[in-house]
Amino acid sequence: MKKFKSFLLLILLAPLAFVMGGCSLSSAKVVYVTNIQKTEIEGTQVTYTVSYSDGSTSLITVENGKDGKDGEDVTIEVLKEYFTENGINFDDFIQNYVETKYYPDTVKDASSKALQSAVSVWTNEGCGAGVIYKMEDQFSYIVTNYHVVYSKYTISNVSNEITVYQYGTQGVYYENNNYHYGEGSVDATYVGGSMEYDLAVLRVNTSDLKKYNETAQAVTVADDYDVAEAAIAVGNPNGENISVTEGIISVESEIVPIYSADDTQVLNFRVMRIDTAINSGNSGGGLFNDEGELIGIVNAKAVASDIDNIAYALPYDNVVKVVDNIIYYYKQNNRASQVKKVYLDITCTTKNSRSIYDATTGEISIVDDCTISAVSQTSTGLGHFMGLEAGDIIKSIKINSTEYTINRWFEFGDYLLNVRIGDTLTIIVERDGVSQTCYAIIQANHMVTID
């Protein structure tokens, strides 16, 4: 059985911290506790000095164990008894003075959240993985890779049998020289996809998902991702059902050449690179951060004898735009849809790429200039009619009333996926140091289909 590519994930652990803080107490004589410190041991007695913000101190004396052996440090029960005896309301002390910070087992918690939106994807030719992207009352939409559902044996080039399983249900298994569908199978319908973006959308009945998992939920999409951030992959490695692996983001964005689903051409994909271990069958599965939020869709790995732990995922910001585009046009036409994108017929390049370190947040980011290097003068492209010129630096794009700043050259092409027929598209550029505004109202003939 043919199986597809996959990904892995990182896990971080942190302890429970109990921190003393400062606020006003209910007692007029005490402002707030600044320190509790063991200051004296005498025989079986140990004394703690409590310091307050007004400079005053008080002592707590407790038994120090038996036969000269130290007992345990002062406990919360001892503090409660002490403050009660001294007329200080213990509940006020807890509320005003004690700050508890809980650091969860990030990988476990993130994985538990991610597993509620994870599925394995099976076709009559192979297997992969996917994520529940959107849940509506009647239907739910699942995202996977296009190459997971691709078939060279059908007219539509999409497998005519697609089945998904959630975590905890039994997937396809091999027994008595045959493959069998296990309990919990959910039939899926192909909504649309794109070979050039290697993304596909499936639709299932929401009631079917809830039948086998009442807590099934759509993914939470992250706001951002950074180098060295956790990269938790949930997929279907080796077709042996859903599992979790971990790593980190090695490169936040790069262009890599990958064979197309039909193996007839090499396509350039914008991906994030991760060191997460991946295996055949993980393709289409979600890549999550340590909050359990979706940051990408696993789609490829580097395979060579001298390469270790180099794998790739399609970044969430591109995934969301492509998937929303597919679902929008599917609902418009009620049939399988391809990606539709406004056609400007211009060439953009990246210039002046540099890194910026934010000392306040401790994060480093890359910015560059999205520069137009060529504008077609033919009648097919909209860029020429909008007034765009070679040498323009694209600063922002506005779709109707929503404006997006362009900090990286690839963001411009991604945002064009949000444009729909009837929208007003405005592109703000810098030309010879002066801001220029170009706009157009999008018509059907301004759109092009991306296979």
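Q: In β21, which residue is the bridge partner of R273?
A: This is a predicted model, in which local features need pLDDT (the predictor's confidence in each residue, from 0 to 100) of at least 70 and side-chain atom pairs count only at 80 or more, while totals for chains, interfaces and linings use all residues. Residues are numbered from 1 along each chain as its sequence is written, and side-chain values use heavy atoms, without hydrogens and water. Strands β18 (residues 266-274) and β21 (residues 311-315), as DSSP runs of E with at least two residues, numbered from the N terminus, pair in the antiparallel sense over three bridges, where pairing requires at least two. In β21, the partner of R273 is Y312.

Q: What does the twist average from one strand to the next in the closed barrel?
A: Six strands with antiparallel pairing form this barrel, in the order β16-β17-β18-β21-β20-β19. With axes fitted to C-alpha atoms and angles running from 0 to 180 degrees between N-to-C directions, the twist averages 55 degrees.

Q: Is D369 buried or exposed?
A: D369 lies in strand β24 (residues 363-375). Buried means under 20% relative accessible area, exposed over 50% and partly exposed in between, with a 1.4 Å probe and protein chains only. Because its relative accessibility is 16%, D369 counts as buried.

Q: Where does pLDDT stay under 50?
A: The protein has a mean pLDDT of 85, and 86% of its residues reach 70 or more. Where pLDDT is low, the predicted coordinates should not be read in detail. That caution concerns the stretch where pLDDT stays under 50, residues 1-30.

Methods
Helix = DSSP H or I, 4+ residues; strand = E, 2+ residues; numbered from the N terminus. Contact = heavy atoms within 4.5 Å.
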